[in-house]
Amino acid sequence: MRCDERALDRQIGLDPQSLTRADRRLLTASCMAIDLSCAALFLFVTFSIYTFGLAVSLQRNDSYVGRFTKMTMRAHRKRLLKLSCGALVLVVIFKFASDKSVFSMRLLTSMKAVAVGYGRRSALSQEADDSLSTSLCPLGTETRDVYSRRRRRSDDACFASAEGRVYRMVQHADSRTAYCVIPKASCTFWLSVFRWLNEDTYSVSYSNPLSLTRRQVQNRPEKMRVYAFNATNSPAFLENRFRFMFVRDPYSRLWSAYVDKFLLPNFWKMYGWRIVQRRPWNHTADERCARNISFSEFLDYVTSTAPGSLNEHFAPYRLLCSPCVFRPHVIGKMETFGEDARYVLQQLNLSRFASEFSSYDKHARHEMTMLIDDVYLVYEESFFKFCTNTTDLAARLWQVLQINGYLPSDIAFPWNKNKHVNKHALKELVLEVYSRHPNRDEHVQKIQKEQSLVNGYRTVPDDILAKVRELYALEFKMFGYDPFPEKLYGYRNTSMTNLDFPFRE
């Protein structure tokens with residue numbers, strides 16, 4: 001291993017210029033210690049093999065030289081024993097030094113993605129600020145400060161714990177933009193945009209990226225490449241890309257995953273069955289279909305499973321898109337999706353599509369019809385036809401649209417006694433009810449959606465909520481979310497709710 005600074009970037013992916021002089025000295029010393037350890041080990045092994053071979057050959061030699069050598073070895077066996085012990089101690093010392101050196105190199109490698117210390121801006125953060133200052137679409141001072149503040153917060157969290165990886169990243173070379181995918185945080189929208197930009201639409205031409213269906217967006221891409229990497233093997237082109245990601249309050253994301261994947265049948269077949277198997281009582285035919293999983297059961301499964309084994313729809317962000325590895329210029333949030341998405345679309349030169357979500361009415365109609373199409377497509381699989389029917393499916397969709405605030409919560413599903421509910425008839429009914437009631441107002445929709453989330457968490461025991469906070473502790477800190485929001489903890493007798501956590505922006 002070469003220990004000069006020019007070789008460091010090629011060997012471990014670390015830029016020496018981003019480290020302090022003391023860090024570079026320590027890294028160079030680590031390289032030299034490893035070199036010396038390898039050399040000592042090689043010499044000892046070589047000497048041992050040679051000595052063993054010589055001894056064996058002398059034992060078989062009855063000549064005068066052989067007998068003389070054996071007499072000499074007997075006379076000096078104490079010295080030979082001391083020499084062997086000394087060589088063994090030397091190898092142990094070098095092995096320890098090597099282990100310490102490897103630890104040092106791993107530690108320094110992890111510093112590639114974080115600020116080297118508190119109280120000073122890292123080169124990476126400065127580069128991100130410069131990129132925002134000279135972006136294609138100039139930002140106001142206030143907006144630029146928001147993104148800088150979010151990035152500095154994630155940098156500080158990375159300094160404390162730089163673990164993580166990038167599980168899925170897509171890019172568009174012409175616009176020099178890269179997006180890190182986090183499911184349940186507007187990923188369907190952004191994946192449709194990047195599929196459209198990369199012309200990966202199954203040989204069908206679309207004038208608008210939002211014309212793609214959910215199933216088209218989620219299917220395996222044909223042209224658009226998906227990247228996965230960690231801090232030491234990131235793609236070379238990444239440094240020259242405008243990088244962005246979107247996050248969401250962990251409580252809201254978990255509730256959304258439950259509603260979308262377990263109230264609706266998407267995850268019944270695999271993950272639903274795993275949850276059902278955790279129940280202590282006997283499994284009935286209904287339970288084999290996993291159609292009646294509670295929110296508490298879902299959270300208990302998530303918090304009791306190894307984080308690395310969780311599905312990406314509810315895995316911690318650090319395992320999907322760690323900012324310590326991805327180093328985003330912009331961290332968008334679902335809570336400010338309109339403003340953040342508008343800026344990113346400007347970077348992609350797609351400002352004309354911003355009206356698709358700035359118009360609440362258009363966005364709501366699109367979401368409802370796309371969800372109905374997607375769920376009825378899932379129902380085509382034989383497993384789901386055994387576990388449910390179109391009437392039950394339509395009633396579940398009605399409930400989910402109420403939870404999401406699109407339909408009034410006080411209007412019951414009117415076709416419960418029907419033997420069959422057609423997809424197109426359900427669409428017409430949903431849009432008609434939506435058009436005739438005040439949920440067409442975005443403010444009303446948000447209030448109803450938030451109340452549904454609060455009602456969902458009221459059913460969750462305190463011990464399970466404690467495990468949720470523990471699993472997503474780094475995410476709460478890294479992205480400025482409150483682990484004890486008043487709306488979820490205000491009614492609970494939890495002493496921790498009185499503590500002040502400085503996680504909000």
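1. The disulfide between C158 and C324 is a suitable starting point: the two sulfur atoms lie 2.0 Å apart. The torsion about the S-S bond of C158 and C324 is about -95°, so this disulfide is left-handed. Distant parts of the chain are linked by the pair, since C158 belongs to helix α6 (residues 141-160) and C324 to helix α13 (residues 323-326), 166 residues apart. C158 has a relative accessible area of 1% and is therefore buried, the limit being under 20%. C324 is likewise buried, with a relative accessible area of 1%. It should be stated here that the model is predicted.

2. How many disulfides does the structure hold? There are 3. Another of them joins C180 and C321, with the sulfur atoms 2.1 Å apart. This pair also connects distant parts of the chain: C180 is in strand β2, whereas C321 is in the loop between α12 (295-304) and α13, 141 residues apart. C180 and C321 are both buried.

3. C289 and C387 are joined by a disulfide as well, with an S to S distance of 2.1 Å. Its S-S torsion is about -80°, so the bond is left-handed. The pair links distant parts of the chain, with C289 in the loop between α11 (285-288) and α12 and C387 in helix α17 (residues 382-387), 98 residues apart. Both C289 and C387 are buried. When the bonded cysteines of the protein chain are numbered in sequence order, the pairing reads 1-5, 2-4, 3-6.

4. Strand β4 deserves separate comment. β4 spans residues 242-247, and 6 of its 6 residues are buried. Which residues cover each face of β4? F242, F244 and F246 lie on one side and R243, M245 and V247 on the other, and all of these are buried. Strand β2 (residues 177-180) runs parallel to β4 and is joined to it by 4 bridges. Within this pairing, C180 stands opposite M245 of β4; C180 is also the cysteine bonded to C321.

5. β4 pairs in the parallel sense with strand β5 (residues 330-333) too, over 4 bridges. In β5, V330 is the bridge partner of F244.

6. The nonpolar interior should be described next. The largest nonpolar core comprises 90 residues, and F298, F314 and Y457 have the most contacts inside it. A second, separate core has 29 residues, including M224, V330, F337 and L345. V330 is thus named both in this second core and as the bridge partner of F244. Leaving aside residues up to four places away in sequence, F298 touches L254, A257, Y258, F262, I275, I293 and F314.

7. S192 lies in helix α7 (residues 187-197). Is S192 buried or exposed? At 3% relative accessibility, S192 is buried. Its side chain reaches the backbone oxygen of F189 at 2.5 Å. Not counting residues up to four places away in sequence, S192 touches P209, L210 and V217. C187 also counts as buried, at 6% relative accessibility.

8. Some overall values complete the note. The protein chain has 23 helices and 5 strands. Of its 505 residues, 48% count as buried. Among contacts in the protein chain with a separation of 6 or more, 72% come from residues 24 or more positions apart. The accessible surface of the protein chain is about 26,100 Å², with 55% belonging to carbon and sulfur atoms.

How values were computed
Residues are numbered from 1 along each chain as its sequence is written. This is a predicted model: local features need pLDDT of at least 70, side-chain atom pairs count only at pLDDT 80 or more; totals for chains, interfaces and linings use all residues. Side-chain values use heavy atoms; hydrogens and water are left out. A nonpolar core is a set of buried Ala, Val, Leu, Ile, Met, Phe, Trp, Tyr and Cys residues joined through side-chain atoms within 4.5 Å. Buried means under 20% relative accessible area, exposed over 50%, partly exposed in between (1.4 Å probe, protein chains only). Contact means heavy atoms within 4.5 Å. Helices (H or I, at least four residues) and strands (E, at least two) are DSSP runs, numbered from the N terminus. A polar contact is a pair of N or O atoms within 3.5 Å; within protein, one must be able to donate a hydrogen and the other to accept it, and residues adjacent in sequence count only if both atoms are side-chain atoms. Two strands pair if DSSP finds at least two bridges between them. Accessible areas come from the Shrake-Rupley method with a 1.4 Å probe; for residues, only the protein chains shown count as cover. A disulfide is a pair of cysteine sulfur atoms within 2.5 Å.
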